[in-house]
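Please open the model in your viewer, with the sequence panel beside it, and follow the stops below in order. Each stop asks you to select something and then tells you what is there.

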Amino acid sequence: KKFSWDQANWKEWSLYIESHLQDGQSTLINDGYARWSALLKTIQDANRKYIPLKTVSIHSKPYWTSNLTQLAKDLQKARSVFTNRSTPNNKAIFDKNKQELKEELTKEKNSWIRRRTESMNIKNATSFWRKYKKIFGANQCNFIGNLMDGDILKTTNEEKEKLLHKSFFTGFHLKDQEPDQN
């Protein structure tokens, strides 16, 4: 299990830490190590109280949403109904649910990739592609949806490949940027 940082109640978390730091207990400790341990314990207590845990497995997908969960449940139900009673109407409902899930899944995957690549630089590109291969598989046919180049929609594989090459391998994205100060 891991902390679900995006679902944390940061206001309550910070109030909890501030109240424990202001109660005077930590100022009575003269030993630096003991003071540090008290601060660390306060932060860990706040984390347990105000940041929910989520279960993470090797099957967890970072692009998965509650909408995809609902669509997957609807598809499972439609599959069960169609399996038990194979009528044309049940087949149509099953196919419709399957198509909806596929479209939403593709949309969420592409959205996740777009969010991750918007702020990408040379330094973190390697770790991104390593994670991408881990999530989507290195040897399978990885579909990338339509891409936008300014206001122009790129739909063919050749256009997408050229755009990705221009974005990641030519250094074009560094043209107008200042170098890092680090």
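Begin by selecting Ala78, which lies in helix H3. Bear in mind from this first stop onwards that you are looking at a predicted model. Ala78 counts as buried, because its relative accessibility is 8% and the cut-off for a buried residue is under 20% relative accessible area. With Ala78 still selected, add Lys91 and display the C-alpha atoms of both residues: these two atoms are separated by 8.3 Å, although the residues stand 13 residues apart along the chain.

Before going further, zoom out and colour the chain by secondary structure. The protein chain has 6 helices and 4 strands, and the order of these elements, read from the N terminus, is β-α-α-β-α-α-α-β-β-α. If you then colour by accessibility, keep in mind that buried residues account for 21% of the 182 residues in the protein chain.

Next, select Ser86, which you will find in the loop between helix H3 (66–84) and H4. Is Ser86 buried or exposed? Its relative accessibility is 57%, so Ser86 counts as exposed. Show the side chain of Ser86 together with the backbone of Phe82, and you will see that this side chain reaches the backbone oxygen of Phe82 at 3.0 Å.

Move on to Asn90, a residue of helix H4 (residues 88–118). Asn90 counts as buried, since its relative accessibility is 13%, and its side chain reaches the backbone oxygen of Arg85 at a distance of 2.8 Å.

Stay with helix H4 for the charged pairs. Side chains of opposite charge can pair when their charged atoms come close. A search of the whole structure finds 5 salt bridges, and the next selections take you to several of them.

Select Asp95 and return to Lys91, whose C-alpha atom you compared with that of Ala78. The side chains of Asp95 and Lys91 meet in a salt bridge, with 3.2 Å from N to O. Because the two residues are 4 residues apart in helix H4, about one helical turn separates Asp95 from Lys91. Asp95 counts as partly exposed at 32% relative accessibility, and Lys91 likewise counts as partly exposed, at 34%.

Now select Glu100 and Lys96, which form a salt bridge whose closest N and O atoms are 3.4 Å apart. How far apart are Glu100 and Lys96 in helix H4? They are 4 residues apart, so they are separated by about one helical turn. Glu100 is partly exposed, with a relative accessible area of 30%.

For another pair in helix H4, select Lys107 and Glu104. Their salt bridge has its closest N and O atoms 3.5 Å apart, and the two residues are 3 residues apart in helix H4, which means that about one helical turn lies between them. Display accessibility for this pair: Lys107 is partly exposed, with a relative accessible area of 48%, whereas Glu104 counts as buried, at 12% relative accessibility.

Leave helix H4 and select Lys41, Asp45 and Arg48 together. These residues are linked in a network of salt bridges, and it is worth displaying the three side chains at once to look at how they are arranged.

Finally, switch to a surface view and select Lys2, Lys54, Arg116, Lys131 and Lys134. Together these residues form a positive surface patch. Where is Lys134 found? Lys134 is found in helix H5 (residues 122–136), and because its relative accessible area is 74%, above the cut-off of over 50%, Lys134 is exposed.

Notes. Residues numbered from 1 in each chain as written. Predicted model: local features only at pLDDT ≥ 70, side-chain atom pairs only at ≥ 80, totals over all residues. Heavy atoms only, no water. Patch = residues over 30% accessible without salt bridge, like charges linked within 9 Å, V, L, I, M, F, W, Y side chains within 5 Å. Areas by Shrake-Rupley, 256 points an atom, 1.4 Å probe, with all protein chains shown as cover. Salt bridge = Lys/Arg side-chain N within 4 Å of Asp/Glu carboxyl O. Lys, Arg positive; Asp, Glu negative; His and termini not counted. Charge placed at Lys NZ, Arg CZ, Asp CG, Glu CD. Buried < 20%, exposed > 50% of the residue type's maximum accessible area, 1.4 Å probe, protein only. Polar contact = N/O pair within 3.5 Å; in protein donor to acceptor, adjacent residues only side chain to side chain.
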